[in-house]
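Here are my notes on the model you sent, set out as numbered points. Please read them with the structure open beside you.

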Amino acid sequence: DLRQLGELGAGWPLFFELVLYLMCVCGFLFAVQVPVIVRWYAPHNNLHRWVANPADRIGRWALTPGNMGPDFTDSWLPGGCAILSVAFLALSAMLFSYRQRRLRQEIDSIELEPFDFALHVSGLPPGATDEAELRAFIEETV
């Protein structure tokens with residue numbers, strides 16, 4: 001359980017949660033784009049039509065759902081996968097943000113951190129930098 005890392009500070013569980021989230025997002029986006037690669041780009045083999053100037057070839061690394069080449073496409077598949085990807089990213093980012101806030105609050109309620117013992121003091125005398133003077137002021141005020 002990542003909450004056990006909370007003993008080291010709240011940042012560690014949050015970091016590892018982020019890494020897991022990013023791994024899941026990358027896996028999902030890859031799975032969504034596989035149909036575009038398999039059903040659209042591979043069978044059509046239309047990269048030869050992308051050449052405006054023979055020296056300016058577009059490599060396969062430039063193939064994205066929004067990059068359909070000079071002839072575009074009538075298929076719903078590339079655009080549908082792109083819309084699904086954007087919707088998933090937006091929804092998962094909102095849910096993950098909520099999860100991170102909740103995890104931070106949970107760890108903060110369980111673990112002690114240095115700022116749990118902090119004191120907020122206002123109304124200090126101007127120019128008070130001497131420890132004895134500050135101590136005397138706080139003892140009188142509190």
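1. In this predicted model, ring pairs join W12, F15 and F16 into a cluster. The structure holds four aromatic pairs, and one of them is the stacked pair of W12 and F16, whose ring centres lie 6.3 Å apart with 25° between the planes. That pair is called stacked because its planes are under 30 degrees apart.

2. The stacked partners W12 and F16 both belong to helix α1, which spans residues 11-44, and they are separated by four residues, or about one turn of the helix. F16 also pairs with F15, and this pair is edge-to-face, at 5.2 Å centre to centre and 70° between the planes. Here the angle is over 60 degrees, and the pair is therefore classed as edge-to-face.

3. How exposed are the three rings of the cluster, W12, F15 and F16? W12 has a relative accessibility of 44% and counts as partly exposed, F15 is partly exposed at 43%, and F16 is likewise partly exposed, with a relative accessible area of 33%. These values fall between the 20% limit for buried and the 50% limit for exposed, which is why the term partly exposed applies to W12, to F15 and to F16.

4. The cluster residues W12, F15 and F16 are also part of a nonpolar patch on the surface, in which they are joined by L8, V19, L20 and M23. Together, the residues of this patch have about 690 Å² of accessible area. For the chain as a whole, the accessible surface comes to about 10600 Å², and 65% of that surface belongs to carbon and sulfur atoms.

5. A separate point concerns I110, which lies in helix α2 (residues 77-110) and counts as exposed, since its relative accessibility is 55% and the cut-off for exposed is over 50%. Although I110 and E7 are 103 residues apart in sequence, they are 9.1 Å apart in space when taken from C-alpha to C-alpha.

6. As for the overall fold, the chain contains three helices and zero strands, and its elements follow the pattern α-α-α when read along the sequence. Of the 142 residues in the chain, 23% are buried. Among contacts between residues at least 6 apart in sequence, 57% join residues that are at least 24 apart.

Technical notes: Residues numbered from 1 in each chain as written. Predicted model: local features only at pLDDT ≥ 70, side-chain atom pairs only at ≥ 80, totals over all residues. Heavy atoms only, no water. Phe/Tyr/Trp six-rings, centres within 6.5 Å; stacked < 30°, edge-to-face > 60°. Helix = DSSP H or I, 4+ residues; strand = E, 2+ residues; numbered from the N terminus. Buried < 20%, exposed > 50% of the residue type's maximum accessible area, 1.4 Å probe, protein only. Patch = residues over 30% accessible without salt bridge, like charges linked within 9 Å, V, L, I, M, F, W, Y side chains within 5 Å. Areas by Shrake-Rupley, 256 points an atom, 1.4 Å probe, with all protein chains shown as cover. Salt bridge = Lys/Arg side-chain N within 4 Å of Asp/Glu carboxyl O. Contact = heavy atoms within 4.5 Å.
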